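Hello,

Here is the structure I promised to pass on to you. Have a look at it first, and then read on for what turned up in it.

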Amino acid sequence: MVAGSHAIAPEVHNGVSTLDEPSAAWGWHDIGQHAIQIAGWISVAFLLAYNFGNHQGHVETIYLFTFAALIALGLLVQLFKPQGKQVRTVTAHNKPMGHKEPDWTYLQATATGPYAELSDSQLRALNIEPQRVAHLRNLEA
């Protein structure tokens with residue numbers, strides 16, 4: 001009999017690990033804006049259609065119109081997504097042609113590049129003991 005490991009091997013689908021969410025492999029984590037808009041507007045139509053019935057009072061009408069208006073407002077906000085003052089960052093998709101990303105792991109391990117100018121407290125914040133890299137640093141006495 002062959003002894004094997006019963007440990008679950010994690011898989012990552014669209015940035016979601018199957019250890020966190022088992023259904024990530026099936027694609028159930030991204031419903032999509034189009035499906036939400038369709039379902040939302042159908043819900044609004046049903047809520048408004050419930051006003052045509054045999055109810056005598058207007059309490060139901062107030063609730064139905066209020067919920068329909070809240071859902072419609074949420075759908076419109078999602079549809080037109082106000083951007084506001086959003087900070088844009090440089091990503092791999094908009095870097096200039098020929099850009100070569102520095103080897104940050106090597107620079108940190110050898111205390112060169114931007115890591116050469118860090119103070120002792122800044123190195124400790126990066127979990128680097130200053131005495132361990134003292135021979136690599138160019139510090140002025």
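What does the accessible surface of the protein chain come to, and what percentage of it belongs to carbon and sulfur atoms? The surface comes to about 12000 Å², and carbon and sulfur atoms hold 63% of that. Please keep in mind as you browse that this is a predicted model.

Let me start with the overall layout. The protein chain has four helices and two strands. Reading from the N terminus, the order of elements is β-β-α-α-α-α. The chain has 141 residues, and 18% of them count as buried. As for contacts between residues with a separation of 6 or more, 31% join residues that are 24 or more positions apart.

Now to the interior. The largest nonpolar core is made of seven residues, namely Leu107, Ala111, Tyr115, Leu118, Leu123, Ile128 and Val133. If you click on Val133, you can look for its contacts with Ala111, Leu123 and Ile128, once residues up to four places away in sequence are set aside. There is also a second, separate core of six residues, with Val44, Leu47, Ala68 and Ala72 among them.

The outside has something to show as well. Ile38, Ile42, Phe46 and Tyr50 make a nonpolar surface patch of about 440 Å². One of these, Ile42, sits in helix 1, which covers residues 33-49. Why does Ile42 count as partly exposed? Its relative accessibility is 44%, so Ile42 falls in between the cut-offs of 20% for buried and 50% for exposed.

Two further residues are worth a visit. Thr61 belongs to helix 2, residues 59-80. Thr61 counts as buried because its relative accessible area is 17%, and buried means under 20%. Apart from neighbours within four places in sequence, Thr61 is in contact with Asn51 and His55.

His135, on the other hand, is found in the segment after helix 4 (120-125). Is His135 buried or exposed? With a relative accessible area of 64%, His135 is exposed, since that label applies over 50%. You could also try the distance from His135 to Thr110: the two are 25 residues apart in sequence, and their C-alpha atoms are 9.8 Å apart in space.

Happy exploring, and do write back with any questions.

Best wishes

Technical notes: Residues numbered from 1 in each chain as written. Predicted model: local features only at pLDDT ≥ 70, side-chain atom pairs only at ≥ 80, totals over all residues. Heavy atoms only, no water. Buried < 20%, exposed > 50% of the residue type's maximum accessible area, 1.4 Å probe, protein only. Core = buried A, V, L, I, M, F, W, Y, C linked by side-chain atoms within 4.5 Å. Contact = heavy atoms within 4.5 Å. Patch = residues over 30% accessible without salt bridge, like charges linked within 9 Å, V, L, I, M, F, W, Y side chains within 5 Å. Areas by Shrake-Rupley, 256 points an atom, 1.4 Å probe, with all protein chains shown as cover. Salt bridge = Lys/Arg side-chain N within 4 Å of Asp/Glu carboxyl O.
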